[in-house]
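The exercises below each set a task and then work through a solution step by step. Please keep the sequence and the model at hand while reading.

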Amino acid sequence: GDRTAPVVTLGRLSGSSVVATLTFTVTGNEPIVCSTLSASEGVDFVFERISRINSIVQTTEDVCTISAQSTAEPGDTNPRASTLTAAASFSISDTAGNVQTVLTGSPQTIWVQRIARPVIALSATTETANLNVAMNGYTVTSTGGTVASYSITGTLPAGVSFSTTTGRITGTPTAAQAATTYTITATNTSGSATATFTLTTLVYTCANGFGTCALGETGPGGGIVFYVEAGGGTFTCGPTLASTCKYLEVAPNTWSGGAADPTIIWQAAPSFGAIPSPGSAGQAVGSGYRNSATVVAWLGNDSTHANGAARRYSANGLTDWYLPARDELNQLCVYFSNVATVTDNTAETWSGSGRCNGNAATGRAGIGGFVAAEYHSSSDLAATVANSFRQNFATGGIPYIRDVRRDGVLRVRPIRAFG
């Protein structure tokens with residue numbers, strides 16, 4: 001029988017590596033038994049900049065393939081030598097049981113310079129995208145090692161896709177989806193890094209502030225849309241009249257915490273005086289916010305007066321509610337009375353195209369919850385006159401809008417402009 005020990009040679013798969021896992025070989029001149037080799041350090045092999053042997057596999061009858069782990073750190077600017085050397089106690093057997101204790105070619109070195117692990121950041125971490133409109137998405141900034149590929153966890157809505165090359169989510173969503181957080185993973189041979197992105201896709205609706213609104217729909221503030229600018233046009237609005245809006249919505253009758261609109265004074269006597277510039281004499285649709293903002297800056301931001309109470313109301317995270325101007329109050333009465341408006345430019349100082357001519361407390365089957373009583377507007381008759389406009393929601397008829405002393409205690413209902 002065979003009584004000759006095999007000749008075995010240590011080799012390496014390659015002369016250099018950018019990965020932590022290294023490959024060496026032990027090759028015999030005849031069939032050898034790889035299972036007689038130990039992966040434990042100091043038994044058959046000595047390690048230098050190698051943390052462990054992962055496995056020793058019999059790949060052919062005369063070749064053992066050794067997988068070893070380098071200790072070279074990712075991002076090191078210099079190549080590092082990872083060396084495998086035969087230990088003094090090295091031994092391997094051939095299939096006949098002959099033992100060889102000499103390993104030709106030992107030691108073998110693989111020079112390792114690992115790239116840095118990925119480091120990524122997204123230009124945006126959240127987005128609310130509208131249905132059938134291309135999403136803005138984000139860009140990916142990589143400041144670590146070169147990214148080999150990207151992956152994502154989570155199911156994207158229809159119409160949206162993810163690139164494993166760029167790491168970006170792009171597309172035009174065609175299905176609505178609640179806020180969903182995705183984990184984006186960048187990977188290279190040294191490791192991985194993650195970032196998160198939250199995507200919400202919405203159907204265009206009046207209630208979410210993205211759709212077209214019609215009379216009677218629920219607005220973004222949870223109120224009822226009672227005015228739509230004719231012909232798709234806009235009106236000036238906002239605290240300085242520097243914005244444009246299309247719609248007005250009114251708060252529910254429970255806005256103050258009770259079942260009906262509260263009665264609040266406009267301004268307590270005897271502190272009447274000139275309202276500071278720009279005053280609160282605005283009467284047109286859209287001017288109520290500036291009126292209320294001016295009065296609140298003058299009288300204080302509290303609920304003891306009508307403008308302050310309206311401005312302090314908030315709903316659905318919106319804090320731009322205010323006491324309606326004269327013409328806004330009239331449009332409120334017009335919509336909820338649900339009767340034809342009439343033109344009447346002779347009564348009092350009215351110069352609008354129509355006035356409320358019904359009962360807003362019972363019109364439209366009582367929707368809106370108005371009280372058959374007088375309501376405050378934010379419009380002062382003049383900066384130096386202690387009178388403000390109000391409207392009678394019980395009759396809607398003449399006298400439908402007229403001045404009343406600022407110390408009148410009347411009903412209050414906030415509105416807001418948007419669009």
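Contact, as used throughout these exercises, means heavy atoms within 4.5 Å. The model is a predicted one, in which local features need pLDDT of at least 70 and side-chain atom pairs count only at pLDDT 80 or more, while totals for chains, interfaces and linings use all residues. Residues are numbered from 1 along each chain as its sequence is written, and side-chain values use heavy atoms, with hydrogens and water left out.

**Exercise 1.** Determine where S17 lies and which residues S17 is in contact with, leaving aside neighbours within four places in sequence.

Solution. Begin with the secondary structure, where helices (H or I, at least four residues) and strands (E, at least two) are DSSP runs numbered from the N terminus; S17 belongs to strand β2, residues 16-17. Next, take the accessibility classes: buried means under 20% relative accessible area, exposed over 50%, and partly exposed in between, with a 1.4 Å probe and protein chains only. S17 has a relative accessible area of 15% and is therefore buried. Finally, once neighbours within four places in sequence are set aside, the contacts of S17 are L22, I110, W111, V112 and Q113.

**Exercise 2.** Describe helix α1 by its span, its buried residues and its cover.

Solution. The expected span of a helix is 1.5 Å times one less than its number of residues. With twelve residues, α1 reaches 16 Å from its first C-alpha to its last, close to the 16 Å expected. Its buried residues are G288, Y289, N291, S292, T294, V295 and V296, and what covers them includes α2, α3 and β26 (374-382). After the helix comes G300, with a positive phi near 110°.

**Exercise 3.** Work out whether A306 is buried or exposed, and which residues A306 touches beyond four places in sequence.

Solution. A306 is placed in helix α2, residues 306-312. Its relative accessible area is 0%, so A306 is buried. Not counting residues up to four places away in sequence, A306 touches I264, I265, W266, L323, H376 and V412. As for distance, the C-alpha atoms of A306 and S292 are separated by 8.8 Å, although the two residues are 14 apart along the chain.

**Exercise 4.** Establish how many residues of α3 are buried, and which residue follows the helix.

Solution. Helix α3 (residues 326-337) has twelve residues and reaches 16 Å from first to last C-alpha, close to the expected 16 Å. The helix is mostly covered, since eleven of its twelve residues are buried, among them L329, L332 and F336. N338 follows α3 and has a positive phi, near 60°.

**Exercise 5.** Locate the cis peptide bonds that end at P107 and P278, and then the positive phi values of N316 and A365.

Solution. As background, most residues other than glycine have a negative phi, and most peptide bonds are trans. The bond joining S106 and P107 is cis, with omega about 5°, and P107 lies in the loop between β11 (103-104) and β12 (108-112). The bond from S277 to P278 is also cis, with omega near 5°, and P278 is in the loop between β25 and α1. N316, in the loop between α2 and α3, has a positive phi of about 55° although it is not a glycine; with a relative accessible area of 58%, N316 is exposed. A365, in the loop between α3 and β26, likewise has a positive phi of about 55°, and at 76% relative accessible area A365 is exposed.
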